[in-house]
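Got the model open in your viewer? Let's take a walk through some of its charged side-chain pairs, one selection at a time.

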Amino acid sequence: MKILIVEDELKVATFLKSGLEDYGLAAAVALDATSAQRLLAATEYTAVVLDVNLPEMSGLELCRVIRQRYPKLPVLMLTAMSSTDDKLLGFDAGADDYLVKPYEFNELLARLRALHRRYAVTTEENVLKVADLELNGQSKLMKRGDKRIDLTMRELALLEYFMHNQGRALSRLEIVDKVWDLSFDTGTNVVDVYVNYLRKKIDKDFTPKLIHTLNGIGYILEEREA
């Protein structure tokens with residue numbers, strides 16, 4: 001694994017780099033967004049560990065740039081900003097994981113390994129299907145019938161989780177846990193908001209409808225008889 005650390009405090013970045021290398025991981029440091037973009041253009045990394053408070057361009061802005069240019073590159077935000085709203089801003093910017101400082105180094109390693117496993121490229125074609133909805137697990141291309149539909153990273157993660165669990169009732173808490181990696185009730189309606197986004201893209205102009213609300217439970221993705 002080759003990790004890019006984007007952290008403006010040299011002492012913190014050096015400690016993090018040294019710690020990762022002690023566990024056999026290669027690591028490079030960028031002290032600002034400009035340096036980070038230059039390194040990303042020159043080298044293929046396994047993941048990015050990204051601070052939020054950076055000079056010139058914030059970590060949130062840089063995360064959006066990374067998502068646009070390197071959609072399959074995992075981003076873990078490592079920051080002292082610890083509120084639920086802070087975390088949701090990070091995930092909305094495209095972060096795949098969020099860890100609050102101070103942290104246990106072993107937890108950081110475990111999360112980086114999990115991201116690597118999750119996003120490891122497979123050479124096998126992996127097509128998920130529900131009715132005429134198809135999602136290619138390798139290319140991440142999604143279409144319904146003959147129409148290609150573009151999704152954001154978070155919408156894609158949510159749809160992929162639905163399709164892997166088609167026909168099974170999913171609670172909002174389970175979805176938040178598995179798709180957002182938040183193992184607690186945020187008290188927000190983020191799941192409902194993103195399900196609404198998905199419905200507009202994959203159900204609004206198509207028949208049959210595939211995402212169904214289960215009152216008092218959550219949602220289910222399945223093809224139902226008209």
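Start by selecting Lys 101 and Glu 7: their side chains form a salt bridge, with N and O 3.0 Å apart. Lys 101 sits in the loop between β5 (97-100) and α5 (105-119), while Glu 7 is in the loop between β1 (2-6) and α1 (10-22), so this contact ties together parts 94 residues apart in sequence. Keep in mind that you're looking at a predicted model.

Now show the surface. Is Glu 7 buried or exposed? Glu 7 is buried, at 4% relative accessible area. Its partner Lys 101 counts as partly exposed, at 24%. Before moving on, add Asp 51 to the selection: Glu 7, Asp 51 and Lys 101 are linked in a network of salt bridges.

Next stop: Asp 203 and Arg 144. Here the closest N and O atoms of the salt bridge are 3.0 Å apart. Asp 203 is in the loop between α8 (190-202) and β11 (211-214), and Arg 144 belongs to strand β8 (residues 142-144), so you're seeing a link between distant parts of the chain, 59 residues apart. Both Asp 203 and Arg 144 are buried.

For the last pair, pick Asp 192 and Arg 172, whose side chains meet in a salt bridge at 2.8 Å, N to O. This one joins helix α8, home of Asp 192, to helix α7 (residues 172-179), where you'll find Arg 172; the two residues are 20 apart. Asp 192 is partly exposed, with 26% relative accessible area, and Arg 172 is partly exposed as well, at 31%.

Want to keep exploring? How many salt bridges does the structure hold? There are 15.

Note on methods:
Residues numbered from 1 in each chain as written. Predicted model: local features only at pLDDT ≥ 70, side-chain atom pairs only at ≥ 80, totals over all residues. Heavy atoms only, no water. Salt bridge = Lys/Arg side-chain N within 4 Å of Asp/Glu carboxyl O. Helix = DSSP H or I, 4+ residues; strand = E, 2+ residues; numbered from the N terminus. Buried < 20%, exposed > 50% of the residue type's maximum accessible area, 1.4 Å probe, protein only.
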